[in-house]
Amino acid sequence: MRPPSTQAPPRLLSLTIDSALLHISHFCDLSSIPDPILLQLFSRTLQAGKLTEKVLKLFTDTGSEEILNLIQSLNIRQILTPVLPTRCSEKF
């Protein structure tokens, strides 16, 4: 007989966030996630080092004031890559 475990089993919400974090780069929309859960997922994404440009855009596209304020307070900015024209319409 094993002794009883002193640790409580993980909560379903915690397991769900862990699973979402593993697959965060495959999501295309996070807008249906409630703000408190979205904040936890964002925090865990930062801790795991999985915040890429695509993932950052997923979070900013939710329009969540709390997420946008947190991003601004952490001074996280999207990288703007300039697009160079591929051809000129004027002749030189």
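**Helix α2 and the core around it**

L21 is buried, with a relative accessible area of 9%. The model discussed here is predicted.

Reader: Where in the chain is L21 placed, in which helix?
Author: The chain has 4 helices and 0 strands. Along the sequence they follow the pattern α-α-α-α. The place of L21 is in helix α1.

Reader: Why does L21 count as buried?
Author: The cut-off for buried is under 20% relative accessible area. L21 falls under that cut-off, so it counts as buried. Its relative accessible area is 9%.

Reader: Which residues is L21 in contact with, leaving aside its neighbours within four places in sequence?
Author: R44 is 23 residues from L21 in sequence, yet their C-alpha atoms are 7.3 Å apart. R44 is one of the contacts of L21. The full set is L41, R44, T45, A48 and K50.

Reader: How far does α2 reach from its first C-alpha to its last?
Author: Helix α2 covers residues 35-48, which is 14 residues. At 1.5 Å a residue, 20 Å is expected. The reach of α2 is close to that, at 20 Å.

Reader: Which residues of α2 are buried, and why do they line one face?
Author: Seen down the axis of α2, the buried residues fall within an arc of 100 degrees, so they line one face of the helix. The face turned away from them carries the exposed residues P36 and Q47. The buried ones are L38, L41, F42 and T45.

Reader: What covers the buried residues of α2?
Author: L41 and T45 are buried in α2, and L21 is in contact with both L41 and T45. L21 has its place in α1. The cover includes α1 (12-22), α3 (53-60) and α4 (65-73).

Reader: Which residue follows α2, and what is its phi?
Author: The helix ends at residue 48. G49 comes after α2, and its phi is positive. The value is near 70 degrees.

Reader: Which helix gives the most to the largest nonpolar core?
Author: This core has 14 residues, and those with the most contacts inside it are I24, L30, L41, F59 and I67. Each of α1, α2, α3 and α4 supplies at least two residues of the core. With 4 residues, the one that gives the most is α3.

Reader: Which residues does I67 contact, leaving aside its neighbours within four places in sequence?
Author: I67 is among the core residues with the most contacts inside the core. L38 and F42, both buried in α2, are among its contacts. The set is L38, L39, F42 and F59.

Notes:
Residues numbered from 1 in each chain as written. Predicted model: local features only at pLDDT ≥ 70, side-chain atom pairs only at ≥ 80, totals over all residues. Heavy atoms only, no water. Expected span 1.5 Å × (residues − 1). Buried < 20%, exposed > 50% of the residue type's maximum accessible area, 1.4 Å probe, protein only. Arc of directions from axis to C-beta. Contact = heavy atoms within 4.5 Å. Core = buried A, V, L, I, M, F, W, Y, C linked by side-chain atoms within 4.5 Å.
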